Amino acid sequence: MGGHSNWPEWIYVAVVIALMAWVGAEAWEAERLVEHIPEDAETIIVTGQQWFWTFEHEDGTKEIGELHVEVGKAYKFEIVSTDVNHSFNIHDYVVLLDAIPGRVNTVWFAPDAPGVHDIQCREYCGLIHYNMRGTLYVEEPSH
Amino acid sequence: MTLELQKPRPIWQIMFSTHHTDVGLLYLISSLTFLFLGGSLALGIRAELFLPGSQIITDAMTFNRIFTVHGTTLIFLFIIPFASAVGNYYVPIMVRYKDMAYPKLNAIAFWMIPPAGVLIWLGFADFTWYATPPYSIISAPGPAADMWIFGLKILGVSSVLGALNFIVTILKCKHPDMSIGQVPLLAWSFLSSSLIILVAIPTFAAALLMLLTDRLGASGFFNPAMGGDPISYAHLFWFTFHPEVYVLVIPAIGMMYEIIPRFSRKPIYSYNSGIFAFVLLSIVGFSSWAHHMYATGMSFTEKTVFMVGTLAAVPASAMHVFNFVATMWNARIKFSTPMMWSVGGIALFFSAGAGGVVNSAMPLDFTTHDTYWVVGHFHLFVMGTIAFGSIGFLYYMFPYVTGRMYNEALGKIHFTLSFIGTVLVFFTQHILGLYGMPRRIYDYPPIPEWIAMNQITTIGAMIIGISMAIFLANMIHSAGKGKIADTDDPFGLGGKYYYPFEAKNPSH
């Protein structure tokens, strides 16, 4: 109210809108690239259940609580759950996707250096949610 | 304003009263009780997480129950009823009506809260305030889970009744001389948030009922083993509870609109932009719910739509911040306790909003989602903005409600400690989230960075705890023995001019 001019507020709102448009555009572009799964990616089936992770490689080998992968390859995780919702997370590689019963969620990553990383559950799943952890071993290719 | 506590009455006269200030007082007392109960649980959580391993809580299930009841209590039994307390006191006065439109309905809406609180506290459920299926259907222990569902059901009905009452009071009972464009911004905030409640709450009410029948095995809406889909629950839940964020925050912003011009001794910079931002926020708030669900495996298109919807809400929130800063610009500000809380609340509101933009940007969300970043982020809203706005307003209304003045020095100490504590706790939690610590965990591996940041967080929480003890002592002591307030100008701002609603309503 009152007769004063409101142009500072309009400029401010325009700046905020421009900033948000920039954030949105950058995020859109980055996400579009991240979601593009390489065609040669090896599939690993990740199963979450109360309260551990199981990994099944393309050649049929299974691992529980540990995952061994090789540097330089791309991997596609197909994430499923047998009981309640979990969330498969390798924080160091920003791999995060929910494991939801009845659905298959897909995410990929390509480790770039040998190392050992934590795997954890990031969606509340009950009693031992806090300790639903695993270890990722990124190894040099064996040839 | 009636001075309830100055005229001693038997307690049953207040309990069975339907007068708006009596119901307001009941809302006030019960919401503050739950603030202290829920806050104590937070201190328990923080004490447990001070170090890896078991500290004071012996098992994970108890810990899970504690954070579930902590969240449920502070959102549904503190924040919402506190706003109703303020609305009950102020809305009828601001629209110049003798009471709420439906006084009996008003009292009924209040009296639904204590039984709901009892159900939630006696049950002590463990499935988080989000009650995600299929965990909540096949895994969560009863009867706690069922009691939580019934408690929330009752609270939903209560807030719909309250919202109806506010809408009718503001739109239909305002003084005929007063146009809707003259209703103060605090009342506008209740109009906006009540309209959101009417649209949003029924969805969750339906989802709760479906959750209950799923738990009973009679249906399988959200149970994949019976052909249901847990994601549909997530959509129904967030369709209610993302807008609910605005239900919580809008009244707190309204309270700041009452305080900041008063203590700046200036009219609000732009009344119209305040209304515009409230209305815009309550509409745009419905376009962003699924930004809570990026990690459930949504398609790129869905994520994009909800990111745009989320970013669209930012300008409306930013307009409020601009309005406050522009009002304080070049003003003769008096930093009494209520003003300190409001200004601190705006600073934290801005920080919370900035963090929210990070969450809404799709690729970044996969770093922050379900980590302590998110805990820090939404606590900057619920604690830093909403509780700060509410507590500031409590100091502001204290002389009008009790007829006595609180201790100003203790009020300022309360603010200073709370502000330091809030920054220590919730800013640190943002960083802890970037280091990957998940939410809702009872124990964590001994990663040095995690330990250090958890300890800073716990120390901050204890500082808040101390400040709240000072607050409680100040309120109780001053309500009975504080110095008598000059209700024409309790804050010494210089004359009646700054209390237009008081001046127009001598009989109140």
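In this short talk I will go through the domains of chain A, one of its sheets, and its contacts with chain B.

Please keep in mind throughout that what we are looking at is a predicted model.

Let me start with the domains, where the assignment for chain A gives domain 1, covering 1–36, and domain 2, covering 42–139. If we take the C-alpha centres of domain 1 and domain 2 of chain A, we find them 36 Å apart.

Turning now to the sheet, chain A has an open sheet of five strands, which run in the order β4-β10-β9-β6-β7 with mixed pairing. At its edges stand β4 (66–70) and β7 of chain A, and because each of them has a single partner strand, one side of each is left without a neighbour in the sheet. Neighbouring strands here are turned against each other by 20° on average, with direction ignored.

The partner of β7(A) deserves a closer look: β6 of chain A, residues 86–90, pairs with β7(A) in the antiparallel sense, over five bridges, and F88(A) has L97(A), in β7(A), as its bridge partner.

That brings me to the contacts between the chains, where 42 residues of chain A are in contact with 47 residues of chain B. On the side of chain A that touches chain B, α1 (7–34) and β7 (95–99) each supply at least two residues, and the largest share, 14 residues, comes from α1(A). Sorted by class, this side of chain A has 22 nonpolar, twelve polar and eight charged residues.

So β7 of chain A appears twice in this account, as an edge strand of the sheet and as a supplier of residues to the side that touches chain B.

Conventions
Residues numbered from 1 in each chain as written. Chains lettered and ligands numbered in written order. Predicted model: local features only at pLDDT ≥ 70, side-chain atom pairs only at ≥ 80, totals over all residues. Contact = placed C-beta atoms within 7 Å. Helix = DSSP H or I, 4+ residues; strand = E, 2+ residues; numbered from the N terminus. Nonpolar A, V, L, I, M, F, W, Y, C, P; charged D, E, K, R; others polar. Pairing = 2+ DSSP bridges. Axes fitted to C-alpha atoms, helices over the stretch in contact; angles between N-to-C directions. Domains from an automatic or database assignment.
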